[in-house]
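Work through the exercises below with the sequence and the coordinates open beside you. Each task is followed by a solution that proceeds step by step.

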Amino acid sequence: MRAALAILAMLAPACADDPDEVEEVGITETIAEPLELLLASPIRAGEAFWVEVRTIGGGCIHYGSTEVFVEEGAPTIIPWDIRFIPGPHEGCLANLLDLRHRATIMFETPGTNVLRVYGRRRNTDNTYDDVRYDVAIEVD
């Protein structure tokens with residue numbers, strides 16, 4: 001019994017993270033689908049508001065998390081999604097889903113401000129490019 005418990009204790013840390021999943025920056029655009037942002041309205045200086053960044057998921061890709069920070073004075077959003085890596089006798093559905101990553105941000109000054117979003121573009125040959133979007137936002 002002691003030997004079995006010792007083996008389980010040694011295996012527990014190795015099983016803590018699922019080796020069949022990886023967290024990646026979300027797919028924010030394809031050739032057919034551009035970046036999609038939804039913003040609360042109106043946007044006023046000094047008032048928090050929400051922003052949604054759509055990523056493309058489904059099948060083996062599901063919602064992960066949303067990271068928000070300030071980079072070079074610009075509120076910055078990185079949508080993270082989780083991709084399941086199927087084994088030899090596993091598969092994924094071919095469905096597509098819109099995954100919504102919501103963040104709350106605020107601009108301190110009125111006028112034109114920049115919202116930065118990082119994502120990935122899926123190309124026609126099933127390769128991916130990292131992309132950075134600097135979106136001009138008018139603030140009252």
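The coordinates belong to a predicted model, and the exercises should be read with that in mind.

**Exercise 1. Determine the order of the secondary structure elements along the protein chain, and state how many helices and strands there are.**

Solution. Begin with the count, which comes to one helix and nine strands for the protein chain. Then follow the elements from the N terminus, where the order reads α-β-β-β-β-β-β-β-β-β. Next, turn to the contacts between residues at least 6 apart in sequence, of which 67% join residues at least 24 apart. Finally, consider exposure: 32% of the 140 residues count as buried, and the accessible surface comes to about 8700 Å², with 56% of that area belonging to carbon and sulfur atoms.

**Exercise 2. Identify the residues that touch the most other members of the largest nonpolar core, and find which strands supply it.**

Solution. The largest nonpolar core has 16 residues, and those touching the most other members are F49, V51, F107 and L115. At least two residues of this core come from each of β4 (49-57), β7 (97-105), β8 (111-122) and β9 (128-139), while β9 provides the largest share, namely four residues. As background, nonpolar side chains in soluble globular proteins tend to be buried together. To look at one core member in detail, take F49 and set aside its neighbours within four places in sequence: the remaining contacts of F49 are with L39, A40 and I43, and further along the chain with A103, T104, I105, M106 and F107.

**Exercise 3. Locate the cis peptide bond that involves P42, and say where P42 lies.**

Solution. Inspecting omega gives a value of about -5° for the bond joining S41 and P42, which is a cis peptide bond. Mapping P42 onto the elements then places this proline in the loop between β3 (37-39) and β4.

**Exercise 4. For E72 and N126, work out the sign of phi, the loop in which each lies, and whether each is buried, partly exposed or exposed.**

Solution. Take E72 to begin with: its phi is positive, at about 50°, although E72 is not a glycine. E72 sits in the loop between β5 (61-71) and β6 (74-84). Its relative accessible area is 69%, and because exposed means over 50%, E72 is classed as exposed. Now repeat the steps for N126, another residue other than glycine with a positive phi, here near 65°. The loop that holds N126 runs between β8 and β9. With a relative accessible area of 47%, N126 is partly exposed.

Note on methods
Residues are numbered from 1 along each chain as its sequence is written. This is a predicted model: local features need pLDDT of at least 70, side-chain atom pairs count only at pLDDT 80 or more; totals for chains, interfaces and linings use all residues. Side-chain values use heavy atoms; hydrogens and water are left out. A nonpolar core is a set of buried Ala, Val, Leu, Ile, Met, Phe, Trp, Tyr and Cys residues joined through side-chain atoms within 4.5 Å. Buried means under 20% relative accessible area, exposed over 50%, partly exposed in between (1.4 Å probe, protein chains only). Contact means heavy atoms within 4.5 Å. Accessible areas come from the Shrake-Rupley method with a 1.4 Å probe; for residues, only the protein chains shown count as cover.
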